[in-house]
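Biologist: I'd like to learn how to read a model like this one, feature by feature. Can you walk me through it?

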Amino acid sequence: MSLTPARFAPPRLAVVATLLVLAGCVGNPAPPRAVAPTVAAPRPVPVAPPPAPLTADWRDWPVTPGDWTYRVDTRGSIALFGVPGADALLTLRCDRQTNTVYLSRQGQARGPLTLRTSTLARSVTVQPTGAAPAYVATALTPRDGILDAMAFSRGRFLVEQAGMPTLVVPAWAEVGRVTEDCRR
């Protein structure tokens with residue numbers, strides 16, 4: 001039995017013919033569907049949860065956002081409390097020429113300022129400073145007990161004033177540093 005190409009030709013032709021017949025059975029391709037452009041759904045804006053209600057004990061209230069900074073200048077020293085890059089919410093300044101500690105709070109309210117520590121609470125009168133942005137200030141002697149009470153309050157002290165948000169300020173070393181600078 002010899003294997004010649006003539007002998008295998010009919011089966012090959014049958015395979016090719018079958019493939020051609022099958023290819024002819026395929027209909028025209030459907031036109032491509034128009035795809036609507038995909039638009040990303042707007043992302044929901046995260047909503048901060050409402051603040052927890054304040055407890056009756058102010059020593060459990062969250063501290064006002066910010067940090068203390070301390071610096072020395074030609075007048076004496078100053079400690080500023082607030083958010084970095086923004087105007088200070090509260091300042092303590094030792095004026096060496098007058099031997100006075102000035103406590104200033106941002107705002108224009110003219111009512112008394114109440115300072116509340118873990119050992120003492122006292123109201124002081126304030127006057128506008130005339131600076132921009134607006135601040136109100138009070139002058140204290142360097143030996144005033146409220147300064148020590150603020151420096152040594154357990155973790156924080158309050159600065160309250162009608163018409164203004166209450167400041168819950170951390171009792172950090174800067175308060176004591178400014179006070180001690182004026183006692184020298």
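Modeller: Sure. Let's start with what counts as an element: helices and strands here are DSSP runs, H or I over at least four residues for a helix and E over at least two for a strand, numbered from the N terminus. Keep in mind that this is a predicted model. Along the sequence the pattern reads α-β-β-β-β-β-β-β-β-α-β-β-α, and the tally is three helices and 10 strands.

Biologist: What share of the residues is buried, and how much of the surface belongs to carbon and sulfur?

Modeller: Of the 184 residues, 34% count as buried. The accessible surface is about 12,300 Å², and 62% of that belongs to carbon and sulfur atoms. As for contacts, take those between residues at least 6 apart in sequence: 53% of them join residues at least 24 apart.

Biologist: Now the strands. Which way do β5 and β6 run, and how many bridges join them?

Modeller: They're antiparallel, with four bridges between β5 (residues 113–116) and β6 (residues 121–124). The two make a hairpin, with four residues between them. For a landmark, find L115, which faces R122 in β6.

Biologist: Which strand is joined to β5 over three bridges?

Modeller: That's β9 (residues 156–160), again in the antiparallel sense. Here R116 has L158 in β9 as its bridge partner. A general point for reading strands: in a regular one, side chains alternate between the two faces of the sheet.

Biologist: How do I describe two aromatic rings, and how many aromatic pairs are there?

Modeller: In general you give the distance of the centres and the angle of the planes. In this model the count is one aromatic pair. W68 and F81 are the partners, 5.5 Å centre to centre with 50 degrees between the planes, so the pair is tilted, as stacked needs under 30 and edge-to-face over 60. W68 belongs to β1 (residues 67–73) and F81 to β2 (residues 76–82), 13 residues apart.

Biologist: Are W68 and F81 buried or exposed?

Modeller: Both W68 and F81 are buried. There's another ring to look at too: Y70 has the charged end of R177 sitting over it, 3.7 Å from the ring centre.

Biologist: What about backbone oddities? Where is the cis peptide bond?

Modeller: Look between A132 and P133, where omega is about 0 degrees. P133 lies in the loop between β7 (127–128) and β8 (135–140). Then check N99: its phi is near 50 degrees, a positive value in a residue other than glycine. N99 is in the loop between β3 (90–95) and β4 (100–106).

Biologist: Why does N99 count as partly exposed?

Modeller: Because its relative accessible area is 39%, and partly exposed covers what falls between the 20% and 50% cut-offs.

Biologist: One last residue, T179. Where is T179 found, and why does T179 count as buried?

Modeller: T179 is found in helix α3 (residues 173–183). It counts as buried because its relative accessibility is 2%, and the cut-off is under 20%.

Biologist: What does T179 touch, and which backbone oxygen lies 3.0 Å from a polar atom of its side chain?

Modeller: Leaving out residues up to four places away in sequence, T179 touches P142 and L147. The oxygen is that of V175, 3.0 Å from a polar atom of the T179 side chain.

Terms used: Residues numbered from 1 in each chain as written. Predicted model: local features only at pLDDT ≥ 70, side-chain atom pairs only at ≥ 80, totals over all residues. Heavy atoms only, no water. Pairing = 2+ DSSP bridges. Phe/Tyr/Trp six-rings, centres within 6.5 Å; stacked < 30°, edge-to-face > 60°. Buried < 20%, exposed > 50% of the residue type's maximum accessible area, 1.4 Å probe, protein only. Lys NZ or Arg CZ within 6 Å of the ring centre and 35° of its normal. Contact = heavy atoms within 4.5 Å. Areas by Shrake-Rupley, 256 points an atom, 1.4 Å probe, with all protein chains shown as cover. Polar contact = N/O pair within 3.5 Å; in protein donor to acceptor, adjacent residues only side chain to side chain.
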